[in-house]
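Please open the structure in your viewer and keep the sequence panel beside it, since the tour moves from one selection to the next.

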Amino acid sequence: REVGGAVRGGGPVRLPRAVLTGEPPSEVCLETDGRRRPHRLSCLGVTTAGLGAGVTIADAVVMATTMVEPPAAETAKGTTNPKQTPGEAAASQPAHLTTNGHHGQQQPAPPIVCPGHVRPLAEVAFSGDTLDGVFLISACLDAQPMLRDGATGDWIGTFAGHKGAVWSAKLCKEARLAATGSGDFSAKLWDALTGQCLSTLQHGHVVKSVDFSDDRRFVATGGHEGVVRVWDCEADAAGGPTVVLGDQPKAANGSGSASKPPAVNKVLWLAPDLVGNDHTLAAGYGDGRVAIWDVRDPKKRVTTLKPPDGDDHKGPVMDLDVTNVYGVGVLTVASGASVKFWRVDASSNHWGEETAREAGPMLSPVHFREEGGAALSPDGSRVVLGGGRHGGSRQGALGVEKGATRVGDVGSDLTVFVMDFASGAVLDERKGHCGPVRCVRFHPSGGTVATGSEDGTIRLWDVSASSAAAAPTTTTSTVHSSSEATTTTTT
């Protein structure tokens, strides 16, 4: 059953023994747990020409198969008979074949696996909903950012040109322009339709994050230099940034700051419909702070959002995202071992009030000290996150670091967690990645989540039923504003 399920999931499965039982390549008999299970071949990853029936093929790789007829004994135990009607098949399923322990619920659909990268993923990001659909862009340490169909995961193209690891990749809202930031001390602007590089923006150090303004006229960059630069996409961007936000490091001529500022790990433009203007920018720093800037006045911050006291909340900002939940903006910050939610308001008087979630920061089953990310669903009911294992050792997947006070379950860093926004309870756990989860993002529809991992793959998960799967009763999740609460009810 495990082999059959994995094969239907779309991934290659290496079989220890495969015996041809018919005229090749029509049928194959898979031996698992000592039982012979006949399957019909769709694709066999070895040459079968000239082989007769009964020939054993070692280490055959089957990409997709269809079971011909299960043994009668297994049908009696509850395995679906292909000749049954859907109603009869559902009635024959035993109670233990459920998801999350709830009777009658089906196993979640396997994710769409998007291969192509050969190094760890650094960032995934969706475009807005365009006339041609939604698109997905990925940044990877293999220096090959890729563009995909946001619904199917199908590869569209690769932006080739960087000479170092690509840490960030974003699309403008209409998916016409793309921007990437790299370890080769540059950011690049691309025509997302043709793949042509439009401009190279030189920096003095690694570029860790890029983002477009809502009208795609400006692109912001940040990195190890500790400053945020704003570039005009309609002018000659290669000529230099329009605005520099933050204290610049001391230059050879003695100008600038004497101390090295913390790195800028994430930059994010805040949409005009949330803040009432098109010139507000958020930046997440290596010391855990989130600075809100008005790009018209580079010498003055609007405010600085600081993490609460406690070891669980301290650490560099590893992810920064904003969600419009029925008109209430929520800034999601992943750092330390928790996720913080700040309310975004057009009035600067309300900045810094952590009222987006009544219970305050959400403690996470994984940490964000070196990797990972979090995203809030468009309806504000769920949080999807992934990161490092608590207490995990760099010496090995099963090791525990010296002096660890909290140790997570083995494999927790390979798991995508779906959390309830209001209660912080785990609604669902999705497993499939073979390396730690580094980045997550919701599709604009809210029904799909894209995750990127150190295993070099992107996976698209259907999480539309996750809340119902773990919470069969009606639950209420609330995103708080200053004067009233916006309530979302899911059943």
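**Strand S18 and its partners**

Begin by selecting Val 228, Val 230 and Asp 232 on one side of strand S18 and Arg 229 and Trp 231 on the other: both faces are covered, and all of these residues are buried, which means under 20% relative accessible area with a 1.4 Å probe and protein chains only (exposed is over 50%, partly exposed in between). Strands here are DSSP runs of E with at least two residues, and helices are runs of H or I with at least four, numbered from the N terminus. This is a predicted model, in which local features need pLDDT of at least 70 and side-chain atom pairs count only at pLDDT 80 or more, while totals for chains, interfaces and linings use all residues. Residues are numbered from 1 along each chain as its sequence is written, and side-chain values use heavy atoms, with hydrogens and water left out.

Next, add strand S17 (residues 218-223), which pairs with S18 in the antiparallel sense over five bridges; two strands pair if DSSP finds at least two bridges between them. Centre on Val 219 in order to find its bridge partner in S18, Trp 231. Then follow the chain through the hairpin that S17 and S18 form, where four residues lie between the strands and Gly 226 in the turn has a positive phi of about 85°.

Now select strand S19 (residues 243-245), which runs antiparallel to S18 and is joined to S18 by three bridges. Here Val 244 of S19 stands opposite Arg 229.
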